[in-house]
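Biologist: I have a structure open and would like to learn how to read it. Could you take me through it, one feature at a time?

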Amino acid sequence: MTTGVGGSTQEQALGRLRPMLDGVEPIAAAEYQARILKAQDRMRDLGLEAMFLSAGANLEYFTGGRWSPSERMVGALLPASGALEYLAPAFEQGTIRDFMVVDGAINGWQEHESPYRLLLDCLQRMGVAPNTSVRPRIGLCPSLPFFMFDGLRQLDPGYAFTDASAVTAYCRQRKSSAELALMQRAKDMTLAVHKAAASILHEGISTSEVVRFIERAHRAVGASGSTFCIVLFGQASAFPHGVKYPQTLKRGDMVLIDTGCCVHSYQSDITRSYVFGEPDERQRAVWAFEKEAQLAAFAAARLGARCEEVDAAARHALEACGLGPGYQLPGLPHRTGHGIGLEIHESPYLVRGDLTPIEVGMCFSNEPMICVPGEFGIRLEDHFYISEEGPRWFTEPSHSIDDPFGLDG
């Protein structure tokens, strides 16, 4: 029997978990101010006069304000020089102020009024105004819905709107020590949950029951719950993001569990694959191929290397094992990894065509999943960050197919 898999009741497993948030500190107000100054320096370098940060991860990253996107425009207008201001429905101004971390004036619009006209009026008041010879360049948040961009465009204001990713992604890709600490804690918590989930498996348990347990387990370690959870058994594990029907565990099944939580909005995302019972030779061989590809990707993540080189290293390792080539199955059907931070998936990406140079502070998933249609899939997913000395794991990779959590020492 695979070490660490089975042998506990759900209550026994939950009883071994403890809250893990002691000593955790949220991002400080001074860091938000530093992010704004960095963004303004970048805007001036790129010739942007102002940038609109829409509700969601970008607004939170630069201001600390958490606001879920909706059909109503909410966000912050940041000039290249000067103070940031907020835009919001007038009836939400009190709530915006309550959530505010970075101070700023709040510009409100009534339900019958145009938030797009308000945004343009704010730009003019800030001194960012078009004239006959210059169309000021305004960066728009990449997550801004198209209908909002279209609302601005239809007013024909004389501005040159452009994607603000060159500012937002540039800043967010390079994590601070405070961000790394929050992600480290989130990943430690999810790894503890993974171990607990493996321990409760028994023949006949359903994937739905395991998902419910993982939700409870994340709460037991101090998270608000799982941000997502994928549990797959047997042939269903060959589908990277699952199937619509629940499965029931049988001896000899491959188990794939992919889940995460967040700590002060920073994400974890870890996948473990192992066998319930005794692995057969086919499962052992493919699991070893997956481990080899994951380590090849990690070794390729050198300072200065381009992101696509990491993906290429994983695929080369798999092709040497007779898998692929490219995206062909059996093999790796998706990218090797993604950036992570406030969002589970964010830039840059470990995929062919992403030419972003790897720099200190960048964080990536490493998950070159192998899919064998009609048999099983194996994904070993851990994350690493880039230090001055090169890549460093947040969590140690799975030890072996017989002892996935390294419990035997």
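**Reading the model**

Modeller: This is a predicted model. Start with the interior: the largest nonpolar core holds 67 residues, and among its members L201 and F213 touch the most others. Helix α8, residues 177-199, gives the largest share of this core, 10 residues.

Biologist: What is the general idea behind looking for such a core?

Modeller: In soluble globular proteins, nonpolar side chains tend to be buried together. Here a second, separate core of 31 residues is also found, and F298, V310, V372 and I386 are included in it.

Biologist: Which residues is L201 in contact with, leaving aside its neighbours within four places in sequence?

Modeller: L201 is in contact with V5, G6 and G7, with V210, L249 and V255, and with Y274 and F276.

Biologist: F298 was named in the second core. Is F298 buried or exposed?

Modeller: The cut-off for buried is under 20% relative accessible area. F298 is at 17%, so it counts as buried. F298 lies in helix α10, residues 281-300. Beyond its neighbours within four places in sequence, F298 is in contact with N366, F384, P391, R392 and W393.

Biologist: How far apart are the C-alpha atoms of F298 and G277?

Modeller: They are separated by 30 Å, with the two positions 21 residues apart along the chain.

Biologist: Now the whole protein. How do I read a radius of gyration?

Modeller: Set it against the value for a compact globule with this number of residues. For 409 residues that value is near 22 Å; the protein has 24 Å, which agrees. Along the principal axes, the C-alpha atoms fill a box of roughly 75 × 45 × 40 Å.

Biologist: How many helices and strands are there, and what share of the residues is buried?

Modeller: There are 11 helices and 18 strands. Of the 409 residues, 54% count as buried. As for contacts between residues at least 6 apart in sequence, 67% of them join residues at least 24 apart.

Biologist: What about the surface and the charges?

Modeller: The accessible surface comes to about 17000 Å², and carbon and sulfur atoms account for 51% of it. There are 37 positive and 50 negative side chains, and the centres of these two sets lie 1 Å apart.

Biologist: Next, the backbone. Which peptide bonds are cis?

Modeller: Look at omega, which is near 0° for the bond from G324 to P325. The bond that joins L329 and P330 is also cis, with omega about 0°. P325 is placed in the loop between α11 (307-320) and β12 (337-339), and P330 is in the loop between α11 and β12 as well.

Biologist: And phi? Where should I look for a positive value in a residue other than glycine?

Modeller: One of the cases is D156, with phi near 45°. D156 lies in the loop between α6 (146-154) and β6 (160-163). The cut-off for exposed is over 50%, and D156 has a relative accessible area of 60%, so it is exposed.

Biologist: What is phi for H264, and where does H264 lie?

Modeller: H264 has a positive phi of about 50°, although it is not a glycine. The loop between β9 (262-263) and β10 (266-267) holds H264. Its relative accessible area is 33%, so H264 is partly exposed.

Terms used. Residues numbered from 1 in each chain as written. Predicted model: local features only at pLDDT ≥ 70, side-chain atom pairs only at ≥ 80, totals over all residues. Heavy atoms only, no water. Helix = DSSP H or I, 4+ residues; strand = E, 2+ residues; numbered from the N terminus. Rg over C-alpha atoms; globule rule 2.2 N^0.38 Å. Buried < 20%, exposed > 50% of the residue type's maximum accessible area, 1.4 Å probe, protein only. Contact = heavy atoms within 4.5 Å. Areas by Shrake-Rupley, 256 points an atom, 1.4 Å probe, with all protein chains shown as cover. Lys, Arg positive; Asp, Glu negative; His and termini not counted. Charge placed at Lys NZ, Arg CZ, Asp CG, Glu CD. Core = buried A, V, L, I, M, F, W, Y, C linked by side-chain atoms within 4.5 Å.
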